[in-house]
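Please work through the following exercises with the sequence and the three-dimensional structure at hand. Each task is followed by a solution that proceeds step by step.

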Amino acid sequence: MIQEIGTDRLDNSYSPDIAPSAGDTLFCFRDNDVLASDDMTAPFPRTGEVRHSGEPLYLFSIGSRRYFLTLDETATAPERYSYANVRQLRRCPDADKAELFAMFTAYHLYKWYSSGRFCGVCGAPTAHDTKERALRCTECGYIVYPRISPAVIVGVTNGDKLLLTRYAKGRGVAFDALVAGFTEIGETLEQTVEREVMEEVGLRVKNIRYYKSQPWGLSGTILAGFYCDVDGDDTITLDESELSAAVWTSRADIVGQPDDMSLTNEMMKNFRDGKV
């Protein structure tokens, strides 16, 4: 999965006083695009290569590599860099996984910083807290922490078959997936599993069992993977506003997604390979 980067570890300790050096990576985002090069072994610019206003924000480190963020959306860099869609970069076959994981996580923080420039209580500007990763209102003192939304990925089994889905047209995803959805107020994760499966495919489930979690910065979520068994009638009733297809698929017919980045893909392949 995207966060499995060998012996290196993400150190997200909040250290706002760390200043960048010329060899550090600087992320520059514009909405859903990031400044990147065609060389996916070292895809993102160094701090000394980028012209931007304001002080860059230290984000985190992975091993010996340090990563910063500029909120200046007019930032420029040498011609070998251009703005590319963050989701499209996931599909680059020669991408360094640690660099992609850093980009996913930086994108999550960029979206939070960008949307929190003003206080949601009184409307005054916010400022970066000096002790913890938070935005503090300069007038009323209201504190906002990074938003992380819980969501579930659900592998629904029916004997030797797994329920594979396709997102509705217009979602920009053209490969197999599993039932998924966000946790709502007052729900446990297990209740989210039951509700999402019923809403999307009209099935009751039982034997809900936790598998593994994954941070997914592209949607600002923490994903919790569960397997469960269909309970009773296995007739699918499709919610066409969410899905274009949902099919019971035998182990031998499961292909999986085109990369090894996602929890969804690992869960599908585990079932295919008889690990579940």
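The exercises below treat strands, a pocket, aromatic rings, cysteines and a loop residue in turn.

The model is predicted, so local features require pLDDT of at least 70 and side-chain atom pairs count only at pLDDT 80 or more, whereas totals for chains, interfaces and linings use all residues. Residues are numbered from 1 along each chain as its sequence is written, and side-chain values use heavy atoms, with hydrogens and water left out.

**Exercise 1. The surroundings of strand β14**

Determine which strands pair with β14, and in which sense.

Solution.

Step 1. Helices (H or I, at least four residues) and strands (E, at least two) are DSSP runs, numbered from the N terminus. Two strands pair if DSSP finds at least two bridges between them.

Step 2. Strand β10 (residues 149-158) runs parallel to β14, with nine bridges. Within this pairing, I153 has G225 of β14 as its bridge partner.

Step 3. Nine bridges also connect β13 with β14, here in the antiparallel sense. P215 is the residue opposite I222 of β14. In the hairpin of these two strands, four residues lie between the strands, and G220 adopts a positive phi near 65°.

Step 4. Burial is then assessed: buried means under 20% relative accessible area, exposed over 50%, and partly exposed in between (1.4 Å probe, protein chains only). Nine of the ten residues of β14 are buried, so this strand is largely enclosed by the rest of the structure.

**Exercise 2. Two open sheets**

State the strand order of the open sheet of six strands and of the open sheet of three strands.

Solution.

Step 1. The sheet of six strands has the order β1-β4-β5-β2-β3-β6, with mixed pairing. Its edge strands, each pairing on one side only, are β1 (10-11) and β6 (81-85).

Step 2. Within this order, strand β2 (residues 25-30) and strand β5 (residues 65-70) run parallel and are joined by four bridges. T25 has Y67 of β5 as its bridge partner.

Step 3. The sheet of three strands follows the order β7-β8-β9 and pairs in the antiparallel sense. Here β7 (126-128) and β9 (143-144) are the edge strands, each with pairing on one side only.

Step 4. β7 and strand β8 (residues 135-137) are antiparallel and share three bridges. C137 of β8 stands opposite T126.

**Exercise 3. The second largest pocket**

Describe the volume and the lining of the second largest pocket.

Solution.

Step 1. On a 1 Å grid over the protein atoms alone, a pocket is an open set of points where a 1.4 Å probe fits, with protein on both sides within 12 Å along at least five of seven lines; lining residues have an atom within 4 Å of a point. Grid points are joined across faces, edges and corners, and the volume is the space filled by probe spheres set on the points.

Step 2. The second largest pocket holds about 380 Å³ of space. Its lining consists of 16 residues, and those nearest its centre are L10, N12, T105, H108 and I148.

Step 3. Two or more lining residues come from each of β4 (57-62), α2 (97-115), β13 (205-216) and β14 (221-230). The largest share, four residues, belongs to α2.

Step 4. Ten lining residues are nonpolar, five polar and one charged. In this division Ala, Val, Leu, Ile, Met, Phe, Trp, Tyr, Cys and Pro count as nonpolar, Asp, Glu, Lys and Arg as charged, and the others, Gly among them, as polar.

**Exercise 4. Aromatic pairs**

Classify the ring pair of F104 and W216.

Solution.

Step 1. Rings of Phe, Tyr and Trp (its six-membered ring) pair if their centres lie within 6.5 Å; planes under 30 degrees apart count as stacked, over 60 as edge-to-face and the rest as tilted. This rule gives twelve aromatic pairs.

Step 2. The ring centres of F104 and W216 are 5.2 Å apart and the planes stand at 85°, so the pair is edge-to-face. F104 in helix α2 and W216 in strand β13 are 112 residues apart, and the pair thus links distant parts of the chain.

Step 3. Both residues are buried: F104 has 1% relative accessibility, and W216 has 10%.

Step 4. Elsewhere in the analysis, ring pairs join F27, F29, F44, F60, Y67, Y107 and Y110 into a cluster.

**Exercise 5. Cysteines and T183**

Establish how many disulfides the structure contains, and where T183 is found.

Solution.

Step 1. With a disulfide taken as a pair of cysteine sulfur atoms within 2.5 Å, the whole structure has zero disulfides. For C140, the nearest cysteine sulfur is that of C137, 3.6 Å away.

Step 2. C140 is partly exposed at 42% relative accessibility, whereas C228 is buried at 0%.

Step 3. T183 is found in the loop between β12 (179-182) and α3 (189-201), and is buried at 19% relative accessible area. The C-alpha atoms of T183 and E196 are 9.0 Å apart, with their positions 13 residues apart along the chain.
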